[in-house]
Amino acid sequence: MIHELLLALSGYPGTIFTWNKRNGLQVSQDLPFLHPSETSVLNRLCKMGTDYVRFTEFIEQHTGHVHQQEHYSSQPSQTGLHGIYLRAFCTGLNSMLQPYRQALLDLEKEIHGCQILETVYKHSCGGLPPVRMALEKILAVCHGVMYKQLAAWMLHGLLLDQSEEFFVKQGPSAGGATAAQEEEEEDLGIGGLSGKQLRELQDLRLIEEENMLAPSLQQFSLRVEMLPSYIPVRVAEKILFVGESVQMFENHNQSPSRAGSILKHQEDMFAAELHRLKQQPLFSLVDFENLVDGIRSTVAEHLWTLMVEESDLLGQLKIIKDFYLLGRGELYQVFIDLAQHMLKTPPSAVTEHDVNVAFQQAAHKVLLDDDNLLPLLHLTVDYQGKESKEASGNREGTTPPQETSPREAPPTGWAALGLAYKVQWPLHILFTPAVLEKYNVVFRYLLSVRRVQSELQHCWALQMQRKHLKSNQTDAVKWRLRNHMAFLVDNLQYYLQVDVLESQFSQLLQQINATRDFESIRLAHDHFLSNLLAQSFILLKPVFHCLNEILELCHSFCSLVSQNLGPLDERGAAQLDILVKGFSRQSFLLFKILSSVRNHQINSDLAQLLLRLDYNKYYTQAGGTLGSFGL
């Protein structure tokens with residue numbers, strides 16, 4: 001009915017929207033499928049169309065610029081009105097009607113293209129044999145255009161769609177809903193939890209920090225509104241995947257002997273099959289989907305062979321695990337010791353160079369001298385002013401980055417540290433920049449835990465050096481607090497490395513070895529990365545906030561101990577008292593979160609961490625509080 005409405009508003013009524021001399025355009029009263037409220041809304045639109053028709057009729061009578069249908073003419077010829085001023089008035093009036101005509105034209109453009117297939121298909125389902133047969137023939141001709149576009153897209157990676165009529169488009173999908181704005185942060189105190197905090201502790205809702213789990217922006221996406229209803233979305237997604245993969249091969253300057261044909265030189269056979277479907281008088285979804293599945297399977301298997309066997313995907317995943325997920329723990333232990341003095345202050349323009357030198361030195365110390373691997377890895381450090389410097393360096397033929405809002409300077413170099421990895425073709429379709437950024441989020445978090453663990457171990461070494469000296473009550477409180485901190489951090493580190501990383505990585509390798517389909521590999525990898533973010537509590541706001549507070553308290557404690565090797569003075573004792581109370585408060589909050597999960601059996605990940613921390617019920621017997629003792 002949309003087309004009939006647009007025609008009527010343009011001055012061409014029909015059987016649904018009729019014209020009479022007295023009332024103008026109106027919705028026909030013989031339409032049982034319209035609700036009275038719908039009829040009322042359509043009649044309001046018809047009033048606007050009536051005004052347009054009468055304006056254009058007036059213009060036609062006095063200038064002849066617009067030619068309308070004669071069957072709705074309602075006024076006699078007004079031969080008495082004439083003159084150049086009247087003609088000028090009509091010309092101006094006609095120009096004022098142009099935005100109205102343009103609006104109708106824009107609406108018509110929004111419902112063209114593959115939607116014509118949908119319109120013809122629905123009308124061809126009627127019961128009148130002559131009408132059905134005629135529309136089926138029209139639909140077959142229209143399908144010929146679709147098959148030509150499909151052949152270009154699926155066999156050659158070409159998107160032949162100048163008028164934007166195809167259901168595949170270039171650019172990201174515009175269907176994603178805008179994420180709701182986050183509520184204002186509240187203090188996570190223990191002396192009386194707020195209603196919001198209680199809801200978060202009860203729900204343990206997963207949040208998306210800065211769209212962390214949002215899908216990566218793709219070069220192509222589906223235009224779902226152009227997809228005919230008789231072609232399922234699952235089929236369209238397979239068509240999208242095939243075309244993207246073929247185009248990746250067509251655009252990549254690799255030697256043919258290595259890349260070969262992604263369709264295994266079966267383009268002619270698939271083209272013949274598409275031509276056969278094009279010649280069929282009626283569209284068969286079964287035949288159509290079988291052909292699409294055949295092409296998709298060929299492409300997916302070839303990509304699997306290329307990535308797993310030729311590009312050593314398992315080896316690349318091992319590199320990701322060793323460097324982004326701290327699998328080479330001895331490397332990062334040495335790096336932390338070398339870079340501690342460089343990254344404890346706000347970063348500058350030379351910090352990035354210095355930490356990369358330290359990273360190379362750490363690699364040599366642990367006998368990691370892979371000349372092919374190390375050049376692909378580079379530590380990055382964001383500092384204030386880096387964006388403007390990079391933008392000024394993009395003048396020689398490069399595209400400057402998009403303008404971003406100014407960010408606060410990172411408090412330390414550790415907070416600004418990241419890891420860049422040069423992904424080789426064709427692994428870039430799996431390890432996209434967005435995926436590597438998610439790995440970087442996990443990398444910074446794991447490194448902060450490992451760094452605090454190392455600092456606490458250093459404090460233990462200082463304690464051992466002074467164990468023969470006389471100690472006082474403050475020393476006892478200090479070292480007991482260190483023991484409690486080390487107990488919590490050590491168990492958190494073991495949980496992250498063993499219960500999360502090793503377990504999830506083992507499952508990922510099993511899934512990769514159990515398939516020969518690239519799409520299955522991509523889904524398994526996405527699931528692996530999502531589980532890392534979820535099970536490490538990065539996406540669980542109350543737990544992640546609490547753990548970060550605990551790590552920050554541990555870091556402050558280590559700084560206090562390192563700066564006061566002897567007995568603490570009054571000021572140091574006061575600082576220690578603040579740390580004791582803060583750690584007690586945060587450890588109690590963590591215990592309450594973990595216990596609420598265990599009681600409600602909501603999240604097995606938190607229950608596993610609680611099992612690590614409370615395996616002998618010491619945490620429970622202490623009332624869920626660690627370090628609660630007075631000076």
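Is Lys-321 buried or exposed? Lys-321 is buried, with a relative accessible area of 12%. With that residue as a starting point, here are legends for a set of close-up views of this predicted model.

**Figure 1. The whole protein, before we zoom in.** The protein has 22 helices and six strands. Of its 631 residues, 45% count as buried. About 33900 Å² is exposed, and carbon and sulfur atoms supply 54% of that area. Among contacts with a separation of 6 or more, 76% are accounted for by residues 24 or more positions apart. Keep that last value in mind when you come to the next view, which shows a pair from distant parts of the chain.

**Figure 2. A salt bridge between helices H17 and H12.** Here Glu-502 forms a salt bridge with Lys-321, and their closest N and O atoms are 2.9 Å apart. The pair links distant parts of the chain: Glu-502 belongs to helix H17 (residues 473-513) and Lys-321 to helix H12 (residues 313-323), 181 residues apart. The two partners fall into separate accessibility classes, as their values show. Glu-502 has a relative accessible area of 38%, so it counts as partly exposed. Lys-321, at 12%, is buried because its value is under the 20% cut-off. As general background, side chains of opposite charge can pair when their charged atoms come close.

**Figure 3. Salt bridges elsewhere in the model.** The structure holds 14 salt bridges, and this view gathers some of them. Arg-444 forms a salt bridge with Glu-437, with 3.2 Å between the closest N and O atoms. Arg-444 is partly exposed at 27% relative accessible area, and Glu-437 is partly exposed too, at 41%. In another pair, Glu-519 forms a salt bridge with Arg-522, where the closest N and O atoms are 2.5 Å apart. Glu-519 and Arg-522 both lie in helix H18 (residues 518-535), three residues apart, which is about one turn of the helix. Glu-519 counts as partly exposed at 21% relative accessibility, and Arg-522 is partly exposed at 22%. Salt bridges that share partners also join Arg-234, Lys-238, Glu-289 and Asp-293 into one network.

**Figure 4. Helix H13, its kink and its surroundings.** Helix H13 (residues 329-343) has a kink of about 40 degrees, centred on Asp-337. Which residues of H13 are buried? They are Leu-331, Tyr-332, Gln-333, Val-334, Phe-335, Ile-336, Ala-339 and Leu-343. The cover over these buried residues includes H12, helix H14 (351-365), strand E5 (377-381), strand E6 (417-421) and helix H16 (433-465). Thus H12, the helix that holds Lys-321, is also part of the cover over H13.

**Figure 5. Thr-351 in helix H14.** Thr-351 lies in helix H14, one of the elements that cover the buried residues of H13. Thr-351 is buried, with a relative accessible area of 6%. Which residues does Thr-351 contact, once its neighbours within four places in sequence are left aside? Its contacts are then Met-342, Leu-343 and Val-381. Of these, Leu-343 appears among the buried residues of H13.

**Figure 6. Strands E5 and E6.** E5 and E6 run antiparallel and are joined by five bridges. At one position, Thr-380 stands opposite Gly-418 in E6. E6 is mostly covered, with four of its five residues buried. Both strands also belong to the cover over the buried residues of H13.

**Figure 7. The nonpolar cores.** The largest nonpolar core has 140 residues, and Phe-167, Phe-323, Tyr-332, Phe-335, Phe-431 and Tyr-439 touch the most other members. H17 gives the most to this core, with 15 residues. A second, separate core has 22 residues, including Ala-8, Leu-9, Ile-16 and Leu-42. If you have just come from the H13 view, you will recognise Tyr-332 and Phe-335, which are buried in that helix.

**Figure 8. The hairpin of E1 and E2.** Strand E1 (residues 17-20) and strand E2 (residues 24-27) run antiparallel, joined by four bridges. Together E1 and E2 form a hairpin with three residues between them. Within this pairing, Thr-18 stands opposite Gln-26 in E2.

Conventions
Residues numbered from 1 in each chain as written. Predicted model: local features only at pLDDT ≥ 70, side-chain atom pairs only at ≥ 80, totals over all residues. Heavy atoms only, no water. Salt bridge = Lys/Arg side-chain N within 4 Å of Asp/Glu carboxyl O. Helix = DSSP H or I, 4+ residues; strand = E, 2+ residues; numbered from the N terminus. Buried < 20%, exposed > 50% of the residue type's maximum accessible area, 1.4 Å probe, protein only. Bend = angle between axes of the 7 residues up to and from the residue. Contact = heavy atoms within 4.5 Å. Core = buried A, V, L, I, M, F, W, Y, C linked by side-chain atoms within 4.5 Å. Areas by Shrake-Rupley, 256 points an atom, 1.4 Å probe, with all protein chains shown as cover. Pairing = 2+ DSSP bridges.
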